[in-house]
Amino acid sequence: MTMVDDDGVYEPVQVHFDDLDAMGLLHNSRYALLVERAISAYWQRLGWSPDAARSAFKDVFLAVREFKVTYHAPIVGAGEPLVHFWIERLGRTSGVYGFRVVSPEREVVHADGYRVNVNLDPATLRPTPFSDELRTAAEPLLQRAAAC
């Protein structure tokens with residue numbers, strides 16, 4: 001169950017057997033995938049879709065510009081960790097998500113980092129300003145940045 005509070009969003013994600021490496025640990029490349037799945041699930045519930053005809057937002061062409069992960073404690077085996085995320089900064093055409101991958105009890109931080117997204121115009125592939133609708137929908141994610 002997704003949890004939203006003043007600290008951001010806690011989105012449960014699935015680690016499957018095929019996400020594990022030969023030692024039974026979550027493969028390092030899968031942490032980025034877990035973050036992607038968590039953020040996508042959150043925005044899809046708000047009505048975002050990559051199909052402009054179905055999306056509640058005109059911002060449908062977002063590209064990842066930068067992704068940084070620092071690993072702290074491995075995830076061992078399949079299960080359901082949480083991805084805790086928030087928006088650290090929302091500029092004119094880009095935004096920075098902060099995130100942590102944590103145990104279901106929120107006691108162990110497995111990894112943390114940030115992800116930079118750029119809003120692109122689908123016709124020109126150039127950065128374009130975020131819509132007012134997206135900015136309004138992003139406000140709950142900005143609370144953590146305002147509190148720090």
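**A buried aspartate, a helix and a pocket**

Modeller: Let us start with Asp19, which sits in the loop between β2 (8-12) and α1. This is a predicted model, in which local features need pLDDT of at least 70 and side-chain atom pairs count only at pLDDT 80 or more, while totals for chains, interfaces and linings use all residues. Residues are numbered from 1 along each chain as its sequence is written, and side-chain values use heavy atoms, with hydrogens and water left out.

Biologist: Why does Asp19 count as buried?

Modeller: A residue is called buried under 20% relative accessible area, exposed over 50%, and partly exposed in between, using a 1.4 Å probe and protein chains only. Asp19 has a relative accessibility of 3%, and therefore it counts as buried.

Biologist: What makes the approach of the side chains of Asp19 and Arg30 a polar contact?

Modeller: The term asks for a pair of N or O atoms within 3.5 Å, of which, within protein, one must be able to donate a hydrogen and the other to accept it; residues adjacent in sequence count only if both atoms are side-chain atoms. The side chains of Asp19 and Arg30 meet at 3.4 Å, so the pair is a polar contact. A polar atom of the Asp19 side chain also lies 2.7 Å from the backbone nitrogen of His16.

Biologist: How do you know whether His110 is buried or exposed?

Modeller: His110, in strand β6, has a relative accessible area of 10%, so it is buried. Its side chain reaches the backbone oxygen of Pro74 at 3.5 Å. Thr70, in strand β3, has 27% relative accessibility and therefore counts as partly exposed.

Biologist: What makes α1 close to the span expected of a helix?

Modeller: Helices (H or I, at least four residues) and strands (E, at least two) are DSSP runs, numbered from the N terminus. The expected span is 1.5 Å times one less than the number of residues. For α1, with 16 residues, that gives 22 Å, and the helix reaches 23 Å from its first C-alpha to its last. The buried residues of α1 are Tyr31, Leu34, Val35, Ala38, Ile39, Tyr42 and Trp43. They cover an arc of only 155 degrees around the axis, so they lie on the same side of α1; the arc is that of the directions from the helix axis to the C-beta atoms.

Biologist: What is notable about the phi of Arg106?

Modeller: Most residues other than glycine have a negative phi. Arg106 is not a glycine, yet its phi is positive, at about 70 degrees. Arg106 lies in the loop between β5 and β6 and is partly exposed at 31%. Leu125, in the loop between β6 and α2, is also not a glycine and has a positive phi of about 60 degrees.

Biologist: Which residues lie nearest the centre of the largest pocket, and how many line it?

Modeller: On a 1 Å grid over the protein atoms alone, a pocket is an open set of points with protein on both sides within 12 Å along at least five of seven lines, and lining residues have an atom within 4 Å of a point. The largest pocket is lined by 18 residues, with Ile39, Leu62, Tyr97, Arg115 and Asn117 nearest its centre. The largest share of this lining, 4 residues, comes from α1.

Key: On a 1 Å grid over the protein atoms alone, a cavity is a set of points where a 1.4 Å probe fits but cannot get out, and a pocket is an open set with protein on both sides within 12 Å along at least five of seven lines; lining residues have an atom within 4 Å of a point.
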